[in-house]
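Reader: Here's a model I'd like to poke at with you. Could you walk me through it?

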Amino acid sequence: MALFFSLGCPNCLSKALPIARQVHEKYPEIQVLGIHTRFEGVKFPVPAIQAELRRQGIAFPVVLDVQGQTFGLLEAEGTPHWVMLHADGRVEKSIFGSMPNAIQRIDLTLREWFPG
């Protein structure tokens, strides 16, 4: 599961990163990858990103999408944007947002993948 996020996105910080952390902790079978993107052009310094990740207790890998290329390649719509992939790289779901309907879609997919 990849999560596109940005320090400039309030819902990324308050909802998406904590949810990604919970998924990482609950489903060790899933590789969670954070992708800090600056698709809107705002450049946050790496130390600020690292400080926020430490503050949130994020233990999964996070990469920087400096030019927004991965954002474009996976057709993200904004931040937060979730891309749920199979091990072979096939996209299962691409979900924009952190509102209840987006979170429900993520949860439903996880329950389908890991019933019981």
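Author: Quick vocabulary before we start: helices (H or I, at least four residues) and strands (E, at least two) are DSSP runs, numbered from the N terminus. The model is predicted, so local features need pLDDT of at least 70 and side-chain atom pairs count only at pLDDT 80 or more, while totals for chains, interfaces and linings use all residues. Residues are numbered from 1 along each chain as its sequence is written, and side-chain values use heavy atoms, with hydrogens and water left out.

Reader: Where is Phe44 found?

Author: Look past strand 2 (33-37), on the way to helix 2. Phe44 touches Ser6, Leu7, Gly8, His36 and Ile49 (contact means heavy atoms within 4.5 Å), leaving aside residues up to four places away in sequence. Phe44 sits in the loop between strand 2 and helix 2.

Reader: Is Phe44 buried, partly exposed or exposed?

Author: Buried means under 20% relative accessible area and exposed over 50%, with partly exposed in between (1.4 Å probe, protein chains only). Phe44 has 24% relative accessibility, so it counts as partly exposed.

Reader: What separates the C-alpha atoms of Phe44 and Val66?

Author: Along the chain, Phe44 and Val66 are 22 residues apart. In space, their C-alpha atoms are separated by 9.9 Å.

Reader: Which element gives the most to the largest nonpolar core?

Author: A nonpolar core is a set of buried Ala, Val, Leu, Ile, Met, Phe, Trp, Tyr and Cys residues joined through side-chain atoms within 4.5 Å. The largest one has 24 residues, and Leu3, Trp82 and Ile106 are among those with the most contacts inside it. Strand 1 (2-5), helix 1 (10-26), helix 2 (46-56), strand 4 and helix 4 each give two or more residues to this core. With six residues, the top contributor is helix 1.

Reader: How many residues are in the other core, apart from that one?

Author: Phe4, Ile35, Phe71 and Val83 are among its members. The count for this other core is six.

Reader: Which residue of strand 5 is the bridge partner of Trp82?

Author: Strand 4 (residues 81-85) and strand 5 (residues 91-96) run antiparallel, joined by five bridges (strands pair if DSSP finds at least two). Their hairpin has five residues between the strands, where Gly89 takes a positive phi near 95°. In strand 5, Trp82 is bridged to Ile95.

Reader: What is the relative accessible area of Thr109?

Author: Thr109 is part of helix 4 (residues 100-113). Beyond residues up to four places away in sequence, Thr109 touches Met84, Glu92 and Lys93. Thr109 counts as buried because its relative accessible area is 0%.
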